[in-house]
Amino acid sequence: MSGQGNFDGADEYTVEVADPLLMETLHRLFTQTCSHEVIQAAETAGWADTIWEPLAGTGAPWVGVDEAVGGSGGSLVDAVGVLKLAGRYTVPLPVAETGLLGGWLAGAAGLALPEGPLTVVPGRPQDRLTLDGDTLSGVAQRVPWAAKATYILAIVGDEIIAVQPGADGVDIETVRNLAGEPRETVRFERAPLAHRATAPAGVDAAALRRRGALCRSAQIAGACERIAELTVEYAGQRSQFGQKINRFQAVAAHLVRLSSEATLIGMALDATTYAIGQGDAAFEIASLKSIAGDSGSDVIARAHQVHGAIGMTREFVLHHLSRRVMSWREEFGSTSWWREELGRMVGGVGADALWPLISEGSASLQR
Amino acid sequence: MAVAQSSARIGASKGFTYTTFTAAEEALKQEVREFLRAELPTGSYRPCLGMSADHDGEFTKKMAARGWVGMSVPTRYGGPARSAVDRFIVVEEMLKAGAPIGAHWVADRQSAPTIMRFGTDEQREKFLPAIARGEMWFSIGMSEPDAGSDLAAVRTTATRTDGGWLLNGTKIWTSNAMQNHWFIVLCRTSPNEGDRHEGLSQFLVELHGTPGLQINPIAFLDGTYHFNEVVMTDVFVPDEQVLGEIGRGWSQVNSELAYERAGPDRFLSVYSTFEQLLREKLAEGELDARSYDAFGRITARYWALRNLSFSISRTIDQGGAPAVEASIVKDLGTSFEQEMIALLHDLWDDEEPSQEAATLGNRLLAACILTGPSFTIRGGTNEILRTVANKGLAAWHGVSR
């Protein structure tokens, strides 16, 4: 069966789930490779070969990219499942950038996928990129792992272009997000293009932003799920005033609420992934990224409150997760940017179409 | 790639499984929408605020004629035997529209399933067909002056007498007792000593024409009347009106409460107000960024919450008992709608809210501001709900306690 969901008018409904074998494999791989110490060290080094090598060996970074262009195949649901796990285990590598973002752009541009990682220019308002002959000039900001990528891919005008980070005329300034992940400023001075192609229909800056928002939301969903588990577990072990802190009602309220908000993100992610398989999902993606940001912020605030001082140290694992949520909620459109975007959509459809939008999603706009 | 069938656990989000409508469910939704377009065209009525809806027996009978009242009642008791998802569809469309579903609300949501589960065959024959016809309406008989969230503290007693029981005590905050026909009364049948959850029992009691039973109105804070105090003095209840087992009232009532928690009624009290305000404000012209930001937040959360609640209905149809999940929906849904009232009020504070305001949106907002505090109280306060949910949380997450 192709496509990731099916509503064929039969009396059954089907909703695809991520390939359990793939999920189990990655779960095991990440448990073995993503230790507290390795993630900590990767923050200094900006990279972790001990994770990338086995991960690349499974083909997981290219899941969701068509086999015809050199990807690993698999569905979008599988790819989102990979990213959720990558978020859960705070994988300090460009998994989304290599597959669903870079792999997508490379495939759309007819560029053969290299063995190494890819990255994309997210497209910040401050960016200025211009093409001159077969060279690129200008500045791109917040490019993830730019120095480590085989190609930096970008949408410039109506073209998809690729540049090698080591090429002449490329200067990379180290900038990191709040989690210490490389988000570099790249200056191009008549840098030679490794590849260029006219972007096909449906591939443009807005589509890249939507994909990026989906990816970061999936990572946030995974991170928040683990934060909830860690926090509930911690509150059942830590004692103060002679009892486990989860016995205090005020703490219990945090535990229930942060579990709820984490679950809300997971549900929004599943609903969005399904909708993308059905067609346009602009409404769901805008809703998802808003919720990932708002609920994710609530989850980390409550988790830190429950953890107390230990959670504020680098000795405990929580910071790897919470700082990533703090970072990812900003990327590919901040929470408030997406809320406003969604609000304009709502204003555009009007009051009578609001309930169909909420209950049926983007599909209600296609009638 | 794996494909989950409707019978399988999809498992992508903990405890909740994303689901979609079948063709038959989709058709039901369209039928409900058509019914509402005919019965309640937009602008022809003042929308009600969720489940605290107007009590309209005629509307209830029209719904019953479609098989949308007592939806869970099996066909052998005159009901439509619809699934939890079917009921979810009817309820969400009715609440979305602010329809006057107050007459059958309690009977449909909890009394019918409780009688079906714990009642005798004679009780089922007597009550269920009448509920499904939309002719028999129920109130809740749980709360007392000293027993709000703490239901085990009820002091109404039922003492054995010849051929039945004598009930003495006072039930309070009993919605629509003046119009409804019956209520299910939680009583103490043996003294409160040792395990306080023991010795509770439920009785089916007729609200009108029962000697010793008196209904006294209590004005709600917005000036409306639906609350009552029900005083019972030596009210005789025959044995055939004992519901379930004597002494098993605590587990029965908890099962009844579970029906209350996860439905769309926990997040669709303010929706019709939001829609109306949106309608009015868009008619005035372009809105500012702050308004769009608020619309975005509200809409996204409605969408996600609805998917959670819908998922619970599906789980129930598949035989699951989603207790933690139901608490999550109630807590998230009711807290969100309170926050939303504040957001809407902040956005449109140019006109002070008033129940006599010129615009419908403003009148509805005024009603939301006044009644909003009840959202996180009714059905058990959210604080208590979280405390209960917390006990199951470690197992739910699969982590060590």
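This report walks through a predicted model with two chains, A and B, and looks at where their parts meet.

**How each chain is divided**

Let us start with chain A, whose assignment gives domain 1 (1-93), domain 2 (117-201) and domain 3 (205-366). Chain B is likewise split into domain 1 (23-136), domain 2 (140-248) and domain 3 (262-392). For chain B the mean pLDDT is 93, with 96% of the residues at 70 or more. A stretch to treat with care is residues 1-12 of chain B, where the pLDDT is below 50. Beyond near neighbours in sequence, that stretch has 39 contacts in the model.

**Three interfaces side by side**

The size of an interface is often given as the accessible area lost when the parts come together. The table lists that value along with the carbon and sulfur share and the salt bridges.

| Interface | Buried area | Share from carbon and sulfur atoms | Salt bridges |
|---|---|---|---|
| Chain A and chain B | about 6000 Å² | 65% | seven |
| Domain 1 and domain 3 of chain A | about 2000 Å² | 57% | five |
| Domain 1 and domain 3 of chain B | about 2000 Å² | 62% | four |

**Where the two chains meet**

Here 70 residues of chain A are in contact with 66 residues of chain B. Of the area that chain A buries against chain B, A:Tyr13, A:Met267 and A:Trp355 supply 15%, more than any other three residues. The two chains also share 14 residue pairs in polar contact, counting pairs with both residues at pLDDT 80 or more. Several elements of chain A supply at least two residues each to its side, among them strand S2 (14-17), helix H7 (249-278) and helix H10 (335-349). H7(A) gives the most, with 18 residues. Sorted by class, the side of chain A that touches chain B has 29 nonpolar, 22 polar and 19 charged residues. One salt bridge to look for joins B:Glu286 to A:Arg344, with the closest N and O atoms 3.8 Å apart.

**Inside chain A**

Now turn to domain 1 and domain 3 of chain A, whose C-alpha centres are 19 Å apart. Their contact brings together 20 residues of domain 1 and 27 residues of domain 3. A salt bridge links the side chains of A:Lys84 and A:Glu225, at 3.5 Å from N to O. There are also 10 residue pairs in polar contact between these two domains, both residues being at pLDDT 80 or more. On the domain 1 side, strand S1 (5-6), S2, helix H2 (36-45) and H4 of chain A give two or more residues. H4(A) has the largest share of that side, seven residues. The side divides into nine nonpolar, eight polar and three charged residues.

**Inside chain B**

In chain B, the C-alpha centres of domain 1 and domain 3 lie 22 Å apart. The contact between them takes 20 residues from domain 1 and 25 residues from domain 3. Within domain 1, B:Arg46, B:Leu49 and B:Phe88 lose the most area to domain 3, together 32% of what that side buries. A salt bridge pairs B:Glu25 with B:Arg314, their closest N and O atoms being 2.8 Å apart. Six residue pairs are in polar contact between the two domains, both residues at pLDDT 80 or more. The elements giving two or more residues to the domain 1 side are helix H3 (84-97) and helix H4 (105-118) of chain B, and H3(B) gives the most, with seven residues. By class, this side has 10 nonpolar, five polar and five charged residues.

Methods: Residues numbered from 1 in each chain as written. Chains lettered and ligands numbered in written order. Heavy atoms only, no water. Domains from an automatic or database assignment. Contact = heavy atoms within 4.5 Å. Buried area = accessible area lost by both parts, 1.4 Å probe. Polar contact = N/O pair within 3.5 Å; in protein donor to acceptor, adjacent residues only side chain to side chain. Helix = DSSP H or I, 4+ residues; strand = E, 2+ residues; numbered from the N terminus. Nonpolar A, V, L, I, M, F, W, Y, C, P; charged D, E, K, R; others polar. pLDDT = per-residue confidence, 0-100.
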